[in-house]
Amino acid sequence: RKKDVSRLKYGIIHSQVGLSDGVSIVMAQIESVMAKEMKIPKENILYLVGAAKHSSPRIIKNKILWHKYIVNKTMLKYYSKGYGGSISERIEKTINKTKEAIEEFITKNKIDVLIVHNSSHPVNFISSIALSRYYRDSVKSKKKTPKYVLWWHDSHFERKRFTNPAGDVKRYLLQGVPGKYVEYILFINSLQCDISMDYFMELDKKSPGFYERILKNHAVVYKDRKSVV
């Protein structure tokens, strides 16, 4: 309910924050809107990231979420070739550790809403899959989970280098990049929304109703240099 918005605890997850990349800039703009227009106290807005330009009690850093973390880079390196053997073992071990970090962040800070940037993009492969597994395991255990809002800046549909995933990589993409647990999506343009629909329909085969739910629960937030978002 609208009257509850300012009381909720918000967690923002991304590879990094406070740097000069476009997503970091949007994250700062979003916080500005949340604080000024939605009257959300800044102490209720917390970050879980792999790297940060500045330190803050509201920013929790864990290098395992960074897009340049060695195992995440390995997943991208073998994207078209596929994994196996020791590579798969390293990947699974890292996903599990990242899932634990996400769960600790959510539980310790009593997060009500997660705003996740680019879990639709393989550049955040490890953290995206780990987040999906957190939801999977929590749902199985009938634990309460925060609302999952995805800010969709980019995806594997829009980059030529990601057009030919190996079979095991494709399974990871369907499992959690971003996967079926997303509850609301904000696209930065309508083209992204249009080209993502095939992926949503593929997810719907395993999770009937997902496609219709996302059709209702998404919006397009166009970039405008004159506005904050």
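**Exercise 1. The enclosed space.** Find the residues that line the largest cavity of this predicted model, and describe the lining by element and class.

*Solution.*
Step 1. List the lining. The largest cavity is lined by Ile13, His14, Ser15, Val116, His117, Ser119, Asn124, Ser127 and Ser128.
Step 2. Get the volume. The space in the largest cavity is about 40 Å³. With a threshold of 30 Å³ or more, the count is one cavity.
Step 3. Assign elements. Strand 1 (10-17), strand 4 and helix 4 supply at least two lining residues each. Strand 1 gives the most, with three residues.
Step 4. Sort by class. The lining has two nonpolar, seven polar and no charged residues.

**Exercise 2. One lining residue.** Serine 128 is part of the cavity lining. Place serine 128 in its element, decide whether it is buried or exposed, and identify its partners.

*Solution.*
Step 1. Locate it. Serine 128 sits in helix 4, which covers residues 125-140.
Step 2. Check accessibility. The relative accessible area of serine 128 is 2%. Buried means under 20%, so serine 128 is buried.
Step 3. Look for a polar partner. The side chain of serine 128 reaches the backbone oxygen of asparagine 124 at 2.7 Å. Asparagine 124 also lines the largest cavity.
Step 4. List the contacts. Leaving out residues up to four places away in sequence, serine 128 touches Asn118, Ser119, His121, Gly176 and Val177.

**Exercise 3. Unusual backbone geometry.** Two of the partners of serine 128 are Asn118 and Val177. Examine phi at asparagine 118 and the peptide bond that joins valine 177 and proline 178. Then compare asparagine 118 with lysine 110 for burial.

*Solution.*
Step 1. Recall the background. Most residues other than glycine have a negative phi, and most peptide bonds are trans.
Step 2. Read asparagine 118. Its phi is positive, about 65 degrees, although it is not a glycine. Asparagine 118 lies in the loop between strand 4 and helix 4.
Step 3. Read lysine 110. This non-glycine residue has a positive phi of about 50 degrees. Lysine 110 belongs to the loop between helix 3 (86-109) and strand 4.
Step 4. Contrast the two. Asparagine 118 has 6% relative accessibility, so it counts as buried. Lysine 110 has 64%, so it counts as exposed.
Step 5. Read the peptide bond. Valine 177 and proline 178 are joined by a cis peptide bond, with omega about 5 degrees. Proline 178 is in the loop between helix 5 and strand 6.

**Exercise 4. Two open pockets.** For the largest and second largest pockets, give the volume, the contributing elements and the class make-up of the lining.

*Solution.*
Step 1. Take the largest pocket. Its space is about 450 Å³. Its lining has 20 residues, and Tyr10, Met38, Val113, Ile115 and Val149 lie nearest its centre.
Step 2. Assign its elements. Helix 1 (22-36), strand 4 (113-117), strand 5 (147-152) and strand 6 (184-187) each supply at least two residues. Strand 5 gives the most, with four residues.
Step 3. Sort its lining. There are 15 nonpolar, no polar and five charged residues.
Step 4. Take the second largest pocket. Its space is about 210 Å³. Its lining residues are Ser132, Arg136, Arg171, Leu174, Gln175, Lys180, Tyr181, Leu203, Lys206 and Ser207.
Step 5. Assign its elements. Helix 4, helix 5 (167-176) and helix 6 (190-206) give two or more residues each. Helix 5 supplies the largest share, three residues.
Step 6. Sort its lining. There are three nonpolar, three polar and four charged residues.

**Exercise 5. Nonpolar packing.** Identify the members of the largest nonpolar core that touch the most other members, and the element that gives the most to this core.

*Solution.*
Step 1. Start from the general trend. In soluble globular proteins, nonpolar side chains tend to be buried together.
Step 2. Read the largest core. It holds 49 residues, of which Ile13, Ile91, Leu114, Phe125, Leu131 and Phe200 touch the most other members. Helix 4 gives the most to this core, with seven residues.
Step 3. Inspect one hub. Isoleucine 91 contacts Val71, Met75, Tyr83, Ile126 and Tyr172, leaving aside neighbours within four places in sequence.
Step 4. Find the other core. A second, separate core has 19 residues, including Ile12, Met27, Tyr47 and Val113.
Step 5. Link back. Ile13 of the largest core also lines the largest cavity. Val113 of the second core is among the residues nearest the centre of the largest pocket.

Key:
Residues are numbered from 1 along each chain as its sequence is written. This is a predicted model: local features need pLDDT of at least 70, side-chain atom pairs count only at pLDDT 80 or more; totals for chains, interfaces and linings use all residues. Side-chain values use heavy atoms; hydrogens and water are left out. Buried means under 20% relative accessible area, exposed over 50%, partly exposed in between (1.4 Å probe, protein chains only). A polar contact is a pair of N or O atoms within 3.5 Å; within protein, one must be able to donate a hydrogen and the other to accept it, and residues adjacent in sequence count only if both atoms are side-chain atoms. Contact means heavy atoms within 4.5 Å. On a 1 Å grid over the protein atoms alone, a cavity is a set of points where a 1.4 Å probe fits but cannot get out, and a pocket is an open set with protein on both sides within 12 Å along at least five of seven lines; lining residues have an atom within 4 Å of a point. Grid points are joined across faces, edges and corners, and a volume is the space filled by probe spheres set on the points. Ala, Val, Leu, Ile, Met, Phe, Trp, Tyr, Cys and Pro count as nonpolar, Asp, Glu, Lys and Arg as charged, and the others, Gly among them, as polar. A nonpolar core is a set of buried Ala, Val, Leu, Ile, Met, Phe, Trp, Tyr and Cys residues joined through side-chain atoms within 4.5 Å.
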